[in-house]
Each structure stands twice: as structure tokens, then as C-alpha cells.
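Me: Please take a close look at one part of this model, its largest pocket. Then work outward from there to the packing and the charged pairs.

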Amino acid sequence: MEHILCANYPKGERSISMLVDFLSHGLFNSDSEQWLWQRNNASIEFSTRSLRGFVVDAVQSEVRDRLLPLLERAAASGVVRDMEDVLERFAFDTICMVSFGMTRAASPTAGSWGEGKSNFMRAFGEAQELAVGRFLDPVGASWKIKKCLNVGTERRLKKAIADVHGFAMEIVRARRSQATSAKKNRDDVLSRFVASDEHGDETLRDIALSFLIAGRETTSSALTWFFWLMSSRPDVVAPLVEKGPLVLVYLGL
């Protein structure tokens, strides 16, 4: 397990070339020394007590202020909710808070998750889906032809990537501006890398997007499967429900 988590399995030039316009040379699209440098920097940041505390606070805040109230309203009114969609929004908001220090990223307004997806969440999901689609195309070079002609899925991908990168760069510049002012230091990942003053804007953008890739679908998929498994095991749910209030009191929720 340690080897799998710590070793860099080369992605190769083909894979990197298919994702470079979206992920540039971030952690998930680099090899060898470039990959190792980014991994070590990320590992150092996440080993700090203050960042781990910030992650816990961000998760607790989203659970307390948005996830639990939404589920309580649904239970009281008998409304059926798509848990996968709800947990995707929960995970996206949480990872955006950790990466950018940005709240309410999944919704177009500060309202509930039921009001539709924000432009950023929609563009990010579309860019990720279309970029992966390049690997599934039965004709290997077809995406390059469509990209040159700016048609079909490649045209949509170009627009989605421009939206994602534009939004991320706005956040990067805002954090850099805050770092040079007298404002209080922020605890999110991006602000920490900005404070080191060792990276350009595009590198900071790629770092932040790498964390979004890492935390978005992995977290929501794991939580969705957890609830699905629990729905088929009432013998396991019963003791969890019984002990749940004690855990919530302990966590301050």
C-alpha cells in the first residue's frame, strides 16, 4: 500500500498530451522529478496541524450548515433526494473550501444545493468528462482533428477549460493580492502556496485544480456507496443511529 501511494507510475507522453490543455503539468499530469516535487510540497502542507484543522473545520461546517439541514427538510417533507447528486455538491463545496478558501462553490447562489449547479461546477464537470472522453475515442487521432477544426466535443472542451482556468486564475490573483496586503493569512491550500512566493500564477492554478480533481469524485463516490451499503444493512444502521447523537455532541455538530 505504501508503494502504491508513494511511487510514481509514469503516465507517458500520450496520456500527458491528452490532458495537458486541462491539467497542464499539475500533479496528476506529470512524471518523474516534476511529479515528485509537487507531491512532496503537497505532502508537507497537508502534514501541518493548522491545515488539517482547517480541513476538519470545513467539513464540519458543510455538514452542520448545509448537508444535515437539507436531509432533515427532505425527511420532514417526504421529498426524494438524489443522494449521489447531493454528495457530489457537498464534496465539491468542501474541496473548493480547502483548495481555494471558496464557499458555496456548487450552487449558483448562496442558497440550497437544489437550485442548480454553479457555472464553475458545471464547467469543471464537463471539462473532466470530455477530457476523459479522449481516451475512449475508438479513433485515436480524431480528437486532435476536432481540436484543430474547433468542432464537436473539442469545441465544448475548449470552452469548459477556458471557464475553469479563468475562474481559477481570478481566485489566484485575489489570493496573491491578499497576501501582499495587511489582511489576515488564510488557511486554504492555495493561500499557503501563495505565501511561499515561489510559484507563478499558472503553477498555482494547476496546484489548486489538482486538489479539486483529487477530492471531488473520490469523496462523493465513497460516501454514495457508504449510504447505499447502509440502506441494505439495517442491523448495522441501528447501532449507528443509537450512537450518532453522542458522536455529533463530541464533534460539536
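Reply: What follows starts at the pocket and moves on to the cores, the salt bridges and a few single residues. The model is predicted.

Start with the pocket. The largest one has a volume of about 810 Å³. Its lining is made up of 21 residues. Val 63, Leu 68, Phe 226, Phe 227 and Leu 248 are the ones that lie nearest the centre. Four elements each give two or more residues to this lining: α4 (49–77), α5 (83–100), α10 (201–231) and α11 (234–251). The biggest share comes from α11, which supplies eight residues.

What is the chemical character of that lining, nonpolar, polar or charged? Nonpolar residues number 19. Two are polar, and no charged residue takes part.

Stay with α11 for a moment. Leu 240 is in this helix. Leu 240 counts as partly exposed because its relative accessibility is 46%, in between the 20% and 50% limits. Its C-alpha atom is separated by 9.8 Å from that of Met 230, which is ten residues apart from Leu 240 along the chain.

Now the packing. The largest nonpolar core has 38 residues. Those with the most contacts inside this core are Phe 22, Phe 100, Phe 120, Phe 124, Val 164, Leu 190 and Leu 212. The elements that give two or more residues to the core are α2 (12–23), α4, α5, α6, α8, α9 (189–196) and α10. So α4, α5 and α10 appear in the list for this core, and they appear in the list for the pocket lining as well. As background, nonpolar side chains tend to be buried together in soluble globular proteins.

A second, separate core has five residues. Val 63, Leu 67, Leu 70 and Val 86 are included in this one. Val 63 ties the second core to the pocket: this residue belongs to the core and also lies among those nearest the pocket centre.

Leu 190 gives a closer view of the largest core. Leaving aside residues up to four places away in sequence, Leu 190 touches Ser 99, Phe 100, Ile 171, Val 172, Arg 175 and Leu 204. Phe 100, one of these partners, is itself among the residues with the most contacts inside the core.

Next, the charged pairs. The count comes to 14 salt bridges. One of them joins the side chains of Arg 156 and Glu 126, at 3.1 Å from N to O. This pair links distant parts of the chain. Arg 156 is in helix α8 (residues 152–180), Glu 126 is in helix α6 (residues 119–136), and the two are 30 residues apart. Arg 156 counts as partly exposed, at 43% relative accessibility. Glu 126 also counts as partly exposed, at 26%.

Another bridge stays inside one helix. The side chains of Lys 159 and Asp 163 meet at 2.7 Å, N to O. Both residues lie in helix α8, four residues apart, or about one turn of the helix. Asp 163 has a relative accessibility of 35%, so Asp 163 counts as partly exposed.

A further bridge joins Asp 235 and Arg 233, whose closest N and O atoms are 2.8 Å apart. Asp 235 is partly exposed at 48% relative accessibility. Arg 233 is partly exposed too, with a relative accessible area of 40%. Elsewhere, salt bridges that share partners join Asp 21, Arg 134, Lys 147 and Glu 154 into one network.

Three single residues round off the picture. Ser 118 is found in the loop between α5 and α6. Ser 118 counts as buried because its relative accessible area is 8%, under the 20% limit. Ser 118 and Arg 89 are 29 residues apart in sequence, and their C-alpha atoms are 9.9 Å apart in space.

The other two concern the backbone. Most residues other than glycine have a negative phi. Ser 32 is not a glycine, yet has a positive phi of about 55 degrees. Ser 32 is found in helix α3 (residues 32–46). Asn 150 is not a glycine either, and has a positive phi of about 55 degrees. Asn 150 is found in the loop between α7 (142–149) and α8. Asn 150 is partly exposed, with a relative accessible area of 29%.

Notes:
Residues numbered from 1 in each chain as written. Predicted model: local features only at pLDDT ≥ 70, side-chain atom pairs only at ≥ 80, totals over all residues. Heavy atoms only, no water. 1 Å grid on protein atoms, 1.4 Å probe; cavity = no way out; pocket = protein on both sides within 12 Å on 5 of 7 lines; lining within 4 Å. Points joined across faces, edges and corners; volume = space filled by probe spheres on them. Nonpolar A, V, L, I, M, F, W, Y, C, P; charged D, E, K, R; others polar. Salt bridge = Lys/Arg side-chain N within 4 Å of Asp/Glu carboxyl O. Buried < 20%, exposed > 50% of the residue type's maximum accessible area, 1.4 Å probe, protein only. Core = buried A, V, L, I, M, F, W, Y, C linked by side-chain atoms within 4.5 Å. Contact = heavy atoms within 4.5 Å.
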